[in-house]
Amino acid sequence: MTATDPVANLQTLIRCPSVTPAEGGALSALDAMLSPLGFKVDKVTETEAGTPDIENLYARLGNDGPHLMFAGHTDVVPVGDEAAWTHPPFAAEIAGGELFGRGAVDMKGGVACFVAAVARHIEKHGAPKGSISFLITGDEEGPAVNGTIKLLKWAAERGERWDACLVGEPTNPDKLGDMIKIGRRGSVSGKITVHGVQGHAAYPHLADNAVRGILQLTQALMDPPFDTGTDNFQPSNLEVTTIDVGNPATNVVPAKAMASFNIRFNDTWTADSVQQEILRRLDAAAADGALRPGRAPLKYDMVWAERPSHVFLTRNNALIASLSSAIEGVTGQSPKLSTTGGTSDARFIKDYCPVVEFGLVGQTMHMVDERVAVSDLERLTVIYETFIERWFANAGL
């Protein structure tokens, strides 16, 4: 296997049914691609009570700096209704110029292209004047407990240091070259429980309806807006994602109501400051009594989800300029530098080195008939290959 063909690389990876948390043979296949190129490959299994064991892979070529990391994942989401697929989700069939399969764009396609780019670079120029590493997890689509965050710590404890990282997530909304992610909003989730008094709906004076309270609190969380946005980020946005009462009777006033929420926040806030603002809003609304006239302030509990994601923005000219110019040279368009979208494993990597994200078009990720244009695989490989050359040329700047 020469590994220079991104289509063949991707077909090999897709044919490994690596639905989180199963490794499915994907990391072994990646090992078989990288070892002949001279990479030293380590497979690292991470564990934690209450979560599935996860196999990860770290591979490095070279011993000196500058050191460029490529990060990504080979785990994929479930296929859903397999009968609804036009082509079997793990067959990696090509039809109409597109390669079908779970993980084609999210993100085995990015991994396959970067392997091909490195293989071509070595074929043309020999080993890079520095080091290239792959940090690949099997836990990005899962709880993200035993994946990138622990693999980074494992590598750093063994003396690994990186100057920059490219994450191969599918960042482009419409066509290849649209967008580079140079940061991500932060994310905090929580659950509110309002405590009332159960009673008969016909005798409300003897009860205390928790639904009134939960409506009052959730309204205070969503309005007014947290901010109007910043130069690099959208306005922060909080969404109430569930409201649950668990009351099967229509004539019983419920004693308890619960609501979950998530806020994606910009660099106006930190995780701590946005949590403080949320608690301020809840306390003020609890004391207001607008929906509970004549009643005492409502009682509520607040539980924060573990591991909030912190907002970050990458400012590294050698990294961003090298990638932007490579994209423009291949696609003819200047990519937008964006911080939109959800979280990714870049939120962990940013604590170790500057990180940006660029990969395939993400329109079919997680969908039935996930697929990628074969032509995009070749073009992304050329972009990555050009980026590698330019980054090593500019890394000392």
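**Exercise 1.** Which backbone oxygen does the side chain of R295 reach? Describe the surroundings of R295.

*Solution.* The model is predicted, so local features require pLDDT of at least 70 and side-chain atom pairs pLDDT 80 or more, whereas totals for chains, interfaces and linings use all residues. Residues are numbered from 1 along each chain as its sequence is written, and side-chain values use heavy atoms, without hydrogens and water.

Step 1. R295 is placed in the loop between α6 and β15; helices (H or I, at least four residues) and strands (E, at least two) are DSSP runs numbered from the N terminus.

Step 2. With a relative accessibility of 37%, R295 is partly exposed, the class between buried (under 20% relative accessible area) and exposed (over 50%), with a 1.4 Å probe and protein chains only.

Step 3. Neighbours within four places in sequence aside, R295 contacts P204, H205, A207 and D208; contact means heavy atoms within 4.5 Å. The C-alpha atoms of R295 and D208 lie 8.5 Å apart, although 87 residues separate the two along the chain.

Step 4. The oxygen sought is that of A207, reached at 2.7 Å.

**Exercise 2.** State the order of the strands in the open sheet, and identify the helices that pack on it.

*Solution.* Step 1. The order of the 4 strands is β12-β14-β10-β15, with antiparallel pairing; strands pair if DSSP finds at least two bridges between them.

Step 2. β12 (237-244) and β15 (299-304) are the edge strands; each has a single partner, so one side of each lacks a neighbour in the sheet.

Step 3. β10 (residues 186-195) and β14 (residues 256-265) are joined over 10 bridges, and I192 stands opposite A259 in β14.

Step 4. Helix α5 (residues 210-222) packs on the sheet, touching β10, β12, β14 and β15. Helix α6 (residues 271-288) also packs there and touches β10, β12, β14 and β15.

**Exercise 3.** Is helix α3 largely enclosed or left open by the rest of the structure? Check its span as well.

*Solution.* Step 1. Helix α3 (residues 108-125) has 18 residues, and at 1.5 Å a residue it should span 26 Å; the expected span is 1.5 Å times one less than the number of residues. The end C-alpha atoms of α3 are 26 Å apart, which agrees.

Step 2. Of the 18 residues of α3, 14 are buried, so the helix is largely enclosed.

Step 3. After α3 comes G126, with a positive phi near 85°.

Technical notes:
Axes are lines fitted to C-alpha atoms, for helices over the stretch in contact, and angles run from 0 to 180 degrees between N-to-C directions. A polar contact is a pair of N or O atoms within 3.5 Å; within protein, one must be able to donate a hydrogen and the other to accept it, and residues adjacent in sequence count only if both atoms are side-chain atoms.
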